[in-house]
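Let's work through a few exercises on reading a protein model. Have a go at each task before you peek at the solution.

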Amino acid sequence: MTPLGAKLREMRAKRGVSLKEMAAGLSVSSAYLSALEHGKRGKPTWFLVQRIITYFNVIWDEAEEIQRLAEMSDPKVTLDTSGLDPRATELTNLLERKIGGLSVESLDHLLHQLRVVAARDNV
């Protein structure tokens, strides 16, 4: 499941909307919407994200959160570390090999740590 997919599922549950109803409201197939939620499709287009925001009739902070989650919902990321420090290549390869076995707690810890060091390095 993608971060956007988890948010959509949460919003549908809160509003009592089925996947089929939402798909019809967005003019997409249920299969496409399900695949989008589960990371079987790439991140959605800007236009679809805007339709999702309109569908749920959200504004400001929640709309921005949906847009941010959509940007972070590409399930097939490619990282190019050519020209970077060798440790960047090591990190990406280690992450690729180990990510599938990490617990939710470990993933939360790594996300937090990455955000902390990225802020420290102003990236």
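**Exercise 1. Decide whether threonine 81 is buried or exposed, then find its partners.**

Step 1. Threonine 81 has a relative accessibility of 15%. Buried means under 20% relative accessible area, exposed over 50%, and partly exposed in between (1.4 Å probe, protein chains only). So threonine 81 counts as buried.

Step 2. Now place threonine 81: the loop between helix 5 and helix 6 is where you'll find it. Helices here are DSSP runs (H or I, at least four residues), numbered from the N terminus.

Step 3. Leaving aside neighbours within four places in sequence, threonine 81 is in contact (heavy atoms within 4.5 Å) with Ala88, Thr89 and Thr92.

Step 4. With threonine 89 there's also a polar contact, side chain to side chain, at 2.6 Å. That term means a pair of N or O atoms within 3.5 Å; within protein, one must be able to donate a hydrogen and the other to accept it, and residues adjacent in sequence count only if both atoms are side-chain atoms.

Before you go on: this is a predicted model, where local features need pLDDT of at least 70 and side-chain atom pairs count only at pLDDT 80 or more, while totals for chains, interfaces and linings use all residues. Residues are numbered from 1 along each chain as its sequence is written, and side-chain values use heavy atoms, with hydrogens and water left out.

**Exercise 2. Do the same for isoleucine 53, and work out how far it is from isoleucine 66.**

Step 1. Isoleucine 53 lies in helix 4. Its relative accessibility is 9%, so isoleucine 53 counts as buried.

Step 2. Not counting residues up to four places away in sequence, isoleucine 53 touches Val58, Ala63, Ile66 and Gln67.

Step 3. Pick isoleucine 66 from that list. The two isoleucines are 13 residues apart in sequence and 7.3 Å apart in space, C-alpha to C-alpha.

**Exercise 3. Which residues touch the most other members of the largest nonpolar core?**

Step 1. Such a core is a set of buried Ala, Val, Leu, Ile, Met, Phe, Trp, Tyr and Cys residues joined through side-chain atoms within 4.5 Å.

Step 2. The largest one has 20 residues, and Leu8, Met22, Leu33, Ile52, Phe56, Val58 and Ile66 touch the most other members. Helix 4 gives the most to this core, with five residues.

Step 3. Zoom in on methionine 22: beyond four places in sequence, methionine 22 touches Leu8, Arg12, Val17, Leu33, Ile52, Tyr55 and Phe56.

Note on methods: Helix = DSSP H or I, 4+ residues; strand = E, 2+ residues; numbered from the N terminus.
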